[in-house]
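Morning, everyone. I have one structure to walk through today. Please pull it up on your screens.

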Amino acid sequence: MSLWAVTFLEYWKRKNATLAHHWDCMDFHEEEEPPRPEFAAMAPAMEENPVTGVKEPYFPEKARISRMLTGSMVIVIMLCVVMIFLVTVIIYRSIVSVMMFETGSSVLRTQAGNIANISSSLVNLALILLMGQVYTALAEQLTKWGRLSQNKVVFCAIIFQIKAFSARSLLFYCRFVGYPGHYGTLFGMRNEDCGPGGCLIELAEQLCIIMVGKQLINNVQEFVIPKIKSWRQKRALSSVKKAQKAEEPKRWEQDYELIPCEGLFDEYLEIVLQFGFITIFVAAFPLAPLFALLNNWVEVRLDACKFVCEYRRPVAERAQHIGVWFIILEALSHVSVIVNAFLIAFTSDFLPRLLYQYKFNNDLHGYVNFTLAYSPPSYNYSSHTVCRYKAFRDENGKYTLVYWELLAARLGFIIAFEHVVFFVLRVIDWMVPDIPESLELKIKRERYLAKQALADKQEALLVSMPTHCEPCLFSLPLTPESSETGCVRKLKQLLLT
């Protein structure tokens, strides 16, 4: 998945270069973009742009920094809210498990873990959808209040979404269970341990419900909400149309009856979060790319219907690339390498099996007994039974030498995995050029033809000019408009044509 992510981004660079050349945006820079209207209307002062030399709306640096610091504090507060929701879901899982066991039903007791996991996933999905709307609205308000650029809107929204995104994984990766007689607790309740199938099974169930449920709800929203808005828009204009004469409406009048286009921010945000989802958690949920493919196949048609039939024609804006979104995609592709390395090292039996084969038995005979520890004598005395649990501890609950050897092997695997993958990624980056060879030749050809045409134009001008006008060519930029000679004015007119 890490190799696919980097290869995908490299080929997107090539596609981006082709599109930019096709729409004549390869030399377009952000300095050429005009200030946002809401910023220009609320700016307290005007100042000359050092790049363009044009006076533009200006917000004082001191006031902007103070507002950015305040916005950062809001981000920290929202991080605390995410952690509160995380703890709430953990407590909810524990309460549901206890309730299932107290019913006395053998079926409910057997399926208590699955019921708690599925129900908590649904609660988590509802919180994600609810807080996703809050995060996006809050990011936009912080941007307007702090007078930040559009890239800052994207950054704030992604930060908020990634918090909830990563907090879900902490629910499974950070489980401090303890051992018999000394179990870890949270607010007086014992922490849950992974099931017999391991943490990956529960994590896969959680990710499947969240990913598929979020995609279904988003697609329903994208289909239903524009329909409702369009119906309300037409209903509001129906009274105005009745007062007018019974004439066939013009095309621009029909277009005005549609709802205004809200931009592509939500579309970009959804696809970037999906990219992060499938790259970061693919080791735990291998079907994530398949569900993403099916979702995108459906969403392309829904978006086409929405933008063609329900929205007004969007106002075109020039851009050389997708901006900060590509930087976020690159960051997610690198984070996925680290997360998958930890996931393979700490939640799978890959490394414990290798260690057992290398140190004890190559055919894995006795491996299960190797992974189980005996409960402490104090626990055996109080419960009148001997308990075995999955851990590398001695009879006193202390970690054994095998645990530290396995921990060293896991950390070494993470370092080796990251270095090998990142090296291969750099090789792919070097092998795949950012601009296709055919496009690069086309650009060079256009530049050559442009220089050739300019040289031919200058040669034709020099031939058509009288001899006494040649000294005027050197004074062309310095000659005032009022004192221009006839040949200079003629030369300017020819150059313009």
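I'll take the cores, then the record's annotation, then cysteines and salt bridges. Keep in mind that this is a predicted model.

Start with the nonpolar packing. The largest nonpolar core has 29 residues. Those with the most contacts inside it are Leu207, Met211, Val272, Phe285, Trp325, Ile328 and Leu332. Which elements give two or more residues to this core? They are H1 (2–22), H7 (199–243), H9 (265–280), H10 (288–310) and H11 (324–347), each of them a helix. H9 supplies the largest share of this core, eight residues. There is also a second, separate core of 12 residues. Among its members are Ala341, Tyr356, Tyr367 and Phe413.

Now the annotation. The UniProt record, an unreviewed entry, marks "transmembrane region" at residues 74–95, 115–132, 271–294, 322–346 and 407–428. I'll show two of those spans. Residues 322–346 are 92% helix and 0% strand, with end C-alpha atoms 36 Å apart. Residues 271–294 are 71% helix, again with 0% strand. There the end C-alpha atoms are 13 Å apart.

Next, cysteines. How many disulfides does the structure hold? Zero. Take cysteine 305. The nearest cysteine sulfur belongs to cysteine 309 and is 4.4 Å away. A disulfide needs the two sulfurs within 2.5 Å, and cysteine 305 is in none. Cysteine 305 is partly exposed, at 30% relative accessible area. Cysteine 261 is partly exposed too, at 28%.

On to charges. A search of the whole structure finds nine salt bridges. I'll pick three.

One: lysine 13 and glutamate 330, 3.9 Å from N to O. Lysine 13 sits in helix H1 and glutamate 330 in helix H11, so this pair ties together parts 317 residues apart in sequence. Lysine 13 counts as buried, at 18% relative accessibility. Glutamate 330 is partly exposed, at 27%.

Two: glutamate 267 and lysine 306, 2.7 Å from N to O. Glutamate 267 is in helix H9 and lysine 306 in helix H10, so the pair links parts 39 residues apart in sequence. Buried or exposed? Glutamate 267 counts as buried at 16% relative accessibility, and lysine 306 counts as buried at 5%.

Three: lysine 306 again, now with aspartate 303, at 3.5 Å. These two are three residues apart in helix H10, so about one helical turn separates them. Both are buried.

Last, a network. Salt bridges with shared partners join Glu10, Lys13, Glu330 and Asp434.

Over to you for questions.

Methods: Residues are numbered from 1 along each chain as its sequence is written. This is a predicted model: local features need pLDDT of at least 70, side-chain atom pairs count only at pLDDT 80 or more; totals for chains, interfaces and linings use all residues. Side-chain values use heavy atoms; hydrogens and water are left out. A nonpolar core is a set of buried Ala, Val, Leu, Ile, Met, Phe, Trp, Tyr and Cys residues joined through side-chain atoms within 4.5 Å. Buried means under 20% relative accessible area, exposed over 50%, partly exposed in between (1.4 Å probe, protein chains only). Helices (H or I, at least four residues) and strands (E, at least two) are DSSP runs, numbered from the N terminus. UniProt positions are given in the numbering used here, feature names are shortened, and annotations may be inferred rather than shown by experiment. A salt bridge is a side-chain nitrogen of Lys or Arg within 4 Å of a carboxyl oxygen of Asp or Glu.
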